[in-house]
Structure formats: structure tokens, C-alpha cells
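Me: I have a model open and I'd like to learn how to read its features. Could you walk me through it?

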Amino acid sequence: MGPARRRDALRLRGGGSPPLLRLFPGRLSAFPLFLLALLLGFASLLWLQLSCSGEEPSGGGQQRGAPRQPCPPPAPPQPPEEDPAWGPHRLALLVPFRERFEELLEFVPYMHRFLSKKRIRHRIFILNQVDHFRFNRASLINVGFLESGNDTDYIAMHDVDLLPLNEHLDYSFPEAGPFHVASPELHPLYHYKTYVGGILLLTKQHYELCNGMSNRFWGWGREDDEFYRRIKGAGLQVRRPSGITTGYETFQHLHDPAWRKRDQKRIAAQKQEQFKVDREGGLNNVRYRIESRTELSVAGAPCTVLNVLLDCDTDETPWCTFG
């Protein structure tokens, strides 16, 4: 075989090998591959740091005027148990949830930083309804209360699409009675005087005194209006923020009604039942099963995700399904 044919044969035999592998002579061992993976990982981290810090790598790798992703702020340190500055109480932040992941990714790290800055000991519980019934915010809050453990002594019933912007809002232990953070004077949407939705703080003792929330409200709305009447029936007085001057700019509302429609249908007798006080149900008869319990970290912020399977008595509340 002449020199020209030998060169052509070598090209054919080596043409199928990736160029990166031909950098290593002879048979590959594990060490060169490990070294290569390590170098690639280091290069990726370096690029991420440069791109989010606003610096451009040499050679104009980023187009002029292209937006750079900001570096996420580091998660605040967890309070040492013996630090008295954080106080003796611990908040269970109860977040009813279903299929609103974009809001959740913003909510968890934001609230963790917000509460830590205020030195509020807290645990965030994402109450993810995974059954096939209509959404039931009140039942999920009842489940969150029962599953929040003995290391928390008060709760916040907190919508996932509502972020507090004013650092003077009070999330501390509501010893004197239920404290409505998202008051009608501050909430961007709801302004009637008996409104107690959005964000409401209660001690666990006071929530038990109300027997929790009614489990009869499937679909969107009315459960917090019924809970206001429970609060009054238990002899409790709702308190609200004072000295907040930011008005309707106090909160950021993440909900986009143009593409996320709320389930406001009223089925069967639901239209009449929604205005009644449920004097029998609540914490004592919520029916559910925890499918899974997962500890997660979202951008460094810890939370507990409970996948909740609610149960429904279709004889009692046939409007829990669309059928």
C-alpha cells in the first residue's frame, strides 16, 4: 500500500472518533475523563459568575445591551436556637397551592429573606393539592395546621401570589388575636371591611378555638368570609396594621388573570350554601391523606412540600367535582 492510500485509510479509521477523545493518546483511562469533567465544571461556574455579576468575558462573548441575569442573593443564615434576638415563637407559613410554579419559585426565597430579616423564626409549608377534586383552600389550610408540628405555635394563612413590600408589616406572634396583614386598606384588590383573606396570622390556640376553616368551599372564594364569622363567633377581635403609609402599593400581586383563570363556578346548591355558616365542620372533620412529604430548597430557601390528597363526600358537597 502506497503512502497516499495509507493516509486515506488512517483518515477513514479515525474519522468516526470525536475530536475531544483524540486529544488523549492510546486507550482512554478514567483519570483523563475525570480531569476533563472537572475542568468543564470549573469553566461553567466561572462563566455563570461572570455573567450574573455584570462582567463580560474578554472577546465580547455577550452582545452589547443584552440583559444579564442577576446573581441570586445568598440565603440568610438560620437563627441559632439559643439566640434570644429571634424570640421564642415560630411561625408556620401555610401556602395553599396547585399548579402555580412560577409564583412559587418567586414566593419561597422572597418570604424566607423577608421573615429572616425581621428575625421571625419560621417554616414554610407548601400545601400542594394533588387529587382530582376542585381546589379547596380552606381544607388545605386545615391540613397544614394539623401537619405543621409542635415546633410552631402560630400560623400565617398566606396566598402564594401576594408578596409584602413594606418591611414594617408585622408578622410577629399575634397574642392579642387574629392579625390581618393584608387588610382592606392595603390589599391591591379587596377592600370590604369584613375581608380577612390574603394573609392572616393566628395563634394555634385561636385557630383551634374557631375549629379551623370550613371544608365545604370547593372552587375559588367565600371561605375567608365564612371564617370571619367563625372568628367573631369565637369571641375574637381581628386586628390590622397601623401606621402603614404605602396604601395599595404595600403588596405585589403576582396573579395574572389574563392567563390563569380562577374556578368561580357555582354548581348545584353551592350558590345558596356559600353564604351559610358551617357550624359543624372544620378541623374536626377534614378528610385527607399525605401522599408525600419533601424537604426542598428553592434558591437556598428551605420549605416543606406536602402533596395532599383531599377526600370529598359527594352526598354532602356534590360541588367538589365538575360532574
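**Pocket, bridges and a buried helix**

Reply: Let's start with a pocket: the second largest one is lined by 18 residues, and N215, R216, N285, E316 and T317 lie nearest its centre. Before going on, note that this is a predicted model, where local features need pLDDT of at least 70 and side-chain atom pairs count only at pLDDT 80 or more, while totals for chains, interfaces and linings use all residues. Residues are numbered from 1 along each chain as its sequence is written, and side-chain values use heavy atoms, leaving out hydrogens and water.

Me: What counts as a pocket, and what is the volume of the second largest pocket?

Reply: On a 1 Å grid over the protein atoms alone, a pocket is an open set of points where a 1.4 Å probe fits, with protein on both sides within 12 Å along at least five of seven lines; lining residues have an atom within 4 Å of a point. Points are joined across faces, edges and corners, and the volume is the space filled by probe spheres set on them. Here that comes to about 320 Å³.

Me: How do the lining residues of the second largest pocket divide into nonpolar, polar and charged?

Reply: There are four nonpolar, seven polar and seven charged. The classes are fixed: Ala, Val, Leu, Ile, Met, Phe, Trp, Tyr, Cys and Pro are nonpolar, Asp, Glu, Lys and Arg are charged, and the others, Gly among them, are polar.

Me: Next up, salt bridges. How many salt bridges does a search of the whole structure find?

Reply: Twelve, where a salt bridge is a side-chain nitrogen of Lys or Arg within 4 Å of a carboxyl oxygen of Asp or Glu. Take D159 and R137, whose closest N and O atoms are 3.2 Å apart. D159 sits in the loop between β3 (154-158) and β4 (162-164) and R137 in helix α4 (residues 137-147), so the pair ties together parts 22 residues apart in sequence. Helices (H or I, at least four residues) and strands (E, at least two) are DSSP runs, numbered from the N terminus. R137 is buried, at 9% relative accessible area; buried means under 20%, exposed over 50%, and partly exposed in between (1.4 Å probe, protein chains only).

Me: Which residue forms a salt bridge with E147?

Reply: R293, with the closest N and O atoms 3.6 Å apart. This pair links distant parts of the chain, E147 in helix α4 and R293 in strand β8 (residues 288-298), 146 residues apart. E147 is partly exposed at 21%, and R293 is partly exposed too, at 40%. Leaving aside neighbours within four places in sequence, E147 is in contact (heavy atoms within 4.5 Å) with F125, Y288, I290, R293 and L306. As for I290, its C-alpha lies 9.3 Å from that of E147, across 143 residues of sequence.

Me: Where do D311 and R287 lie?

Reply: D311 is in the segment after β9 (301-310) and R287 in the loop between α7 (270-273) and β8, so the pair ties together parts 24 residues apart in sequence. Their salt bridge has closest N and O atoms 2.9 Å apart. Salt bridges can also form networks, and R100, E103 and D161 are linked in one.

Me: On to helices. Is helix α6 largely enclosed or exposed?

Reply: Count the buried residues. In α6 (residues 223-233), eight of the eleven are buried, so the helix is largely enclosed by the rest of the structure. Those eight are E223, D224, D225, E226, F227, Y228, R230 and I231. They pack against α4, β3, β6 (199-203) and α5 (204-209). Just after the helix, G235 takes a positive phi of about 80°.

Me: Which residues other than glycine have a positive phi?

Reply: Two examples are R119, with phi near 60°, and A299, with phi near 55°. R119 is in the loop between α3 (101-117) and β2 (122-129), whereas A299 is in the loop between β8 and β9. In accessibility, R119 is partly exposed at 40% and A299 is exposed at 52%.

Me: And the overall picture?

Reply: The protein has seven helices and nine strands, and 41% of its 323 residues are buried. Among contacts with a separation of 6 or more, 76% are between residues 24 or more positions apart.
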